[in-house]
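User: I am new to reading protein structures and would like a close look at a single part of this one, with the steps spelled out. Could you take one strand and follow it outward into its surroundings?

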Amino acid sequence: MLAVMGTDHGIQYQKPPRNLSRDVRRNHGMKEDVYKFWEEQSKKGIKSGTKDLILDELERKAISSFLTNGLHVLEVGCGDGRNSIEMRQHFDVHVDAFDYSPGMVSAATENARQALISDINFFVHDLNEVDSLEKKYDLVVSKRALINLSDYNTQVEVIKRISKVLKPGGLFLMCESSKRGLDTINTARVSLELDQITPPWHNVYIDDDKLASEALPLELAQRLDFSSTYYFLSRVVNAKMAKMNGSLPDYDSPINKWALQLPVFGQMGQTILWIWRNPH
Ligand SMILES: C[S@@+](CC[C@H](N)C(=O)[O-])C[C@H]1O[C@@H](n2cnc3c(N)ncnc32)[C@H](O)[C@@H]1O
């Protein structure tokens, strides 16, 4: 497993020892590249976590439908903290939130200060060690964080670790990109002669089918395809219209915004909200 070294500035990935196999060294290098990527992204303000702000809004809405006053919530891979801040603005909840990028944690702290929220505990921490936290939570939230882990097995390992910081009956709201969702979108795109979408280099989308048969300490309560309408409109309809007009699709197009008003239909969501319950 990757060695992480604590520094005064937070986590820093070390170069892999020379005696490791080429595959292990490559994997190690990838992790370091992904970490550096997020440190760079942290300087990009509101678009640090994604350029797709409509998706971001839909995700925050889906997550907040599970909140009630009084809950103790942990957000993992919180980025610039906007989801944590919004949860605290709308509910009387206790929020702890971490990211392994010190730049993201600084941005989150500053965003909370500007929003006049002073009681969210933002800190630098690694998802791979989430179970080293002592506190237990009613709710753990991830929003496109686990897809940055290096492979499927690491994602499963981290889900198991997250189960250890949940109270009995507590929920893990796992809002992550789905391989099955992307495959469905691509099938529709190909039939309209659009290029297939490939995940960004630093992401491993969740393999729904494998995960469904995985023995996990958490029970799957629901798999919410909340972003299906949006992905159909943005990645199929808007993409096809842009191609017909000889332009590039815009994240901000009016067609994409209709998804904020329309009901959810279909099974084309690339981002899924998995709701896991800790039965123990
Ligand atoms: C796509 S961004 C999403 C940020 C935020 N959750 C949001 O939705 O705006 C992914 C975030 O996960 C963080 N991340 C990636 N790997 C991590 C790890 N191993 N431990 C903690 N945070 C991690 C990145 O630094 C980045 O801020």
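Analyst: Two strands are said to pair if DSSP finds at least two bridges between them. With that in hand, we can look at strand 3, keeping in mind that this is a predicted model.

Strand 3 covers residues 72–76, and it has pairing partners in strand 4 and in strand 6. On one hand, strand 3 is joined to strand 6, which spans residues 137–143, by four bridges, and the two run parallel; within this pairing, Val76 stands opposite Ser142 of strand 6. On the other hand, strand 3 also pairs with strand 4, residues 94–99, again in the parallel sense and over five bridges, and here His72 is the residue that stands opposite His94 of strand 4.

Is strand 3 largely enclosed or largely open to the outside? A residue counts as buried if 20 or more other C-beta atoms lie within 10 Å of its own, and four of the five residues of strand 3 are buried, so the strand is largely enclosed by the rest of the structure.

The connection from strand 3 to strand 4 also deserves attention, since helix 3, residues 82–90, belongs to it: strand 3, helix 3 and strand 4 together make a right-handed β-α-β unit.

If we now move to the other partner, strand 6, and look just past its end, we come to Arg144, which is placed in the loop between strand 6 and helix 5, residues 152–163. Its phi is near 45°, a positive value in a residue other than glycine. Arg144 has 19 other C-beta atoms within 10 Å and is therefore partly exposed.

Strand 6 also leads us to strand 7, by way of Gly170, a residue that lies in strand 7, residues 166–177. Leaving aside neighbours within four places in sequence, Gly170 is in contact with Tyr137, Asp138, Leu139 and Asn278. Gly170 counts as buried because it has 23 C-beta neighbours inside 10 Å. A separation of 15 residues along the chain can still go with a long stretch of space, as the C-alpha atoms of Gly170 and Ile185 are separated by 32 Å.

Strand 7 in turn is joined to strand 9 by seven bridges, and these two strands run antiparallel, with Leu171 standing opposite Arg277 of strand 9. Strand 9 is joined to strand 8, residues 219–224, as well, through five bridges and again antiparallel; in that pairing Arg223 stands opposite Trp274. Five of the seven residues of strand 9, residues 271–277, are buried, so strand 9 is largely enclosed by the rest of the structure.

For contrast, we can turn to two exposed residues, beginning with Asn121 in strand 5, residues 121–124. Asn121 has 12 C-beta neighbours inside 10 Å and so counts as exposed. Leu116 sits in the loop between helix 4, residues 102–114, and strand 5, and with 8 C-beta neighbours inside 10 Å Leu116 counts as exposed. The phi of Leu116 is near 60°, a positive value in a residue other than glycine.

Finally, there is the ligand, which is surrounded by 18 residues, the closest being Trp38, Gly49, Gly77, Gly79 and Leu127. The residues of this shell divide into six nonpolar, eight polar and four charged.

Note on methods: Residues are numbered from 1 along each chain as its sequence is written. This is a predicted model: local features need pLDDT of at least 70, side-chain atom pairs count only at pLDDT 80 or more; totals for chains, interfaces and linings use all residues. A crossover is right-handed if, with the strands pointing away from the viewer, the path from the first strand over the helix to the second runs clockwise. A residue is near a molecule or strand if its C-beta atom, placed from the backbone, lies within 6 Å of it. Ala, Val, Leu, Ile, Met, Phe, Trp, Tyr, Cys and Pro count as nonpolar, Asp, Glu, Lys and Arg as charged, and the others, Gly among them, as polar. Two residues are in contact if their C-beta atoms, placed from the backbone, lie within 7 Å.
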